[in-house]
Each structure stands twice: as C-alpha cells, then as structure tokens.
Amino acid sequence: MNTTQSLFEGVIVMFAIISLSIFLKKISVLKKEDTAIFSKLVLQVTLPAVIFSSLALKTFNQEYLVMAMLMAVVEIAIMILAWFTATLLKFKRGEKGALILVSAFGMTTMLGYPLIRQVFPGNVIAMQEAVITSEFGVGLLLFIMGPLIAMYYGDSGVKGKVIFQSMKRFFTSPIFISLILGILISLLPVDKSGQIFTTFFRVFKLIGHANLFLVALVIGLLIEVKQFKNIYLFMGIAVLLKLIVKPILAIWFSEAIEITEMMKEIVFIETALPSAILTAVFAKQYNCRPDLVSMAVMITLVLSLASVSLLFIVFI
C-alpha cells in the first residue's frame, strides 16, 4: 500500500469516527461537556503513552531535529505572511492577532499523531520523526509565541509573566515529560528485546491505541455548525494560509535540505493539519477575538479532511 492510499484511508477512518461522535452527540449519548474528560485523557494519558512508546524502543536520531527546525521556519514564515496580509487589508488589531494564531499553529499533536499512525502503520521510525518534529518544531513555539501574540493583539491587559507560566506548563506537562523520558531510555545501552522490557512497553502501546478513538471523539464533540456572516474574508484567508500556503511552503523548503522522502511526507502532513485547538484557548484567555479563532479552528478542521489528501496527491 502506497503512502497516498494510506493517507486517504487514514483520513477516512478519522472522518468515520468523528461522524460517529457527532451522531452520538445528536442523540444525546455524548454531550459537548464530555470534551473536557476526553481531552484530559488524551493530553495526560494516551498521547504521552504514544510519545513514550514511539521514542523509547529506537535509538534517538539527531537528524530528526532538522525536521523540527524546518517546521519552525515554516511557522515563522507563515506568521510574517499572516501579519503582512492582515496589515495590507487593514484588519483590526484583534483580527490581526487571530489570523496569525490560526495560520501559524497546527493540530500536530492531537490530530497529527493518530493520522501518521494510520498512514505509516507499525512504523516506529515514522512516529519518532513525527514526535520530534511536533514537540520541538511546533510545541515550543506554540507555548511561547501563542500567549505572546494573543496578549499583544488582545485587550486583556495581562502582564508578560504569563508567557513564562505558559512555558512552565509545557515543560512540566505529561507530553513533554514523556518526550524526555522516551529519548533518555532510547539512549540507554541495554537490550530492549527482553521479556521485562517487552511487557513494560506493551502496556504503553495498548494505552496508546486508544488515542485515535479519543481524539476523534473530542473533535466530533467540538464541531458545531454556526453562521459566520461578515467574516468570509477572514475565514477565506485563514483557510488559504493554513491549509494551502503552509504545506506548499513546507514542500519548497524541504527540497532545499537533504532529508528522506518519509521525512518530507511527515513534515507535509503536519503542516497541512487544521489550526491548533490551543490557539482558541489563548485567544479566549487574552481576549484576542476568540470568536474568530474558534470558528477558524472548526472550519479548517472540517476542510482539512479533504484538503490533506488532495494536496498530498498533487504535490507529493
């Protein structure tokens, strides 16, 4: 099975479970309020299990950091492009900050990992590359720049110390801790094929298998059909920058450096994903047009179910 077919099937699987979640919400089996517990399970249990089990079993390759740097460069370029576009179109201050947030940062952790596991089934190296790219290339920038952008363009009046609080939450989160522990164990000069290690890691793998299902449930519960009258221009530009321009930039930049085809495919997938849910959290916290950011997250999420596969077929 080629990567294009695997990607298409992975998107279909995600879409099917998301549709199930929407249906369960419709018939009141699940409620939107259930999102909190499912999200907590993803961010504190299943996702750390995926990260840890993906990294610990293989020797850490420093070349993966090149992918993280590539991702960071693409995101900074999109931030500049979003700022320039918003300035040119004379967007209001809050709208400008909202556009930068939703254009730059993607759902690489929550949606990226499950999708890549579907595209590259059983490929531990692919998951290692995805984890390093996402956490070092996206996570650090998101938790540092996200609050800074929302605070600067919002009107909450919050002091700059919140940026350090956000960084602290990232460095003490189960996701980052599992990342560091996975890398450290991968560097240990011990045989990891023994019965004790095999049983130990099997527990984390089994927990990690629940990640795709829980993530899809969360997304389905979050999706709502709303009117977005008078904000067509904002949404159109957000979709263009996030779902089309950003992955195309990633393709161009990846051609300038020596990385494997699988690395290029992973970077492309992670840059083609919808806007990060955390951008809506930061926008709400610092009053940086959270209505626009939340709507953009939902719209890019729905459209990405088709755009990821289509762009992959065209450009990869």
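**Close-up views of a predicted model**

**View 1. The largest cavity and its lining.** About 80 Å³ of space lies in the largest cavity of this predicted model. Its lining is made up of Val 11, Met 14, Leu 111, Leu 115, Leu 273, Ser 304, Leu 305 and Val 308. Sorted by character, these lining residues come to 7 nonpolar, 1 polar and no charged. At least two residues of the lining come from each of helix H1 (3–26), helix H5 (108–119) and helix H14 (290–315). H14 gives the most, with 3 residues.

**View 2. An aromatic pair between two helices.** The model has 8 aromatic pairs. In one of them, Phe 52 and Phe 200 meet edge-to-face, with 6.2 Å centre to centre and 90° between the planes. Phe 52 belongs to helix H2 (residues 35–56) and Phe 200 to helix H9 (residues 195–208), so this pair ties together parts that are 148 residues apart in sequence. Phe 52 is buried, at 5% relative accessibility, whereas Phe 200 is partly exposed at 39%. Take in the neighbours here too: ring pairs link Phe 52, Phe 200, Phe 201 and Phe 204 into a cluster.

**View 3. A charge over a ring.** Here the charged end of Arg 93 sits over the ring of Tyr 152. The distance to the ring centre is 4.5 Å.

**View 4. Helix H8 from end to end.** Helix H8 (residues 174–186) has 13 residues, which should span 18 Å at 1.5 Å a residue, and its end C-alpha atoms are indeed 18 Å apart. Its buried residues are Ile 175, Phe 176, Ser 178, Leu 179, Gly 182, Ile 183, Ile 185 and Ser 186.

Key
Residues numbered from 1 in each chain as written. Predicted model: local features only at pLDDT ≥ 70, side-chain atom pairs only at ≥ 80, totals over all residues. Heavy atoms only, no water. Phe/Tyr/Trp six-rings, centres within 6.5 Å; stacked < 30°, edge-to-face > 60°. Helix = DSSP H or I, 4+ residues; strand = E, 2+ residues; numbered from the N terminus. Buried < 20%, exposed > 50% of the residue type's maximum accessible area, 1.4 Å probe, protein only. Lys NZ or Arg CZ within 6 Å of the ring centre and 35° of its normal. Expected span 1.5 Å × (residues − 1). 1 Å grid on protein atoms, 1.4 Å probe; cavity = no way out; pocket = protein on both sides within 12 Å on 5 of 7 lines; lining within 4 Å. Points joined across faces, edges and corners; volume = space filled by probe spheres on them. Nonpolar A, V, L, I, M, F, W, Y, C, P; charged D, E, K, R; others polar.
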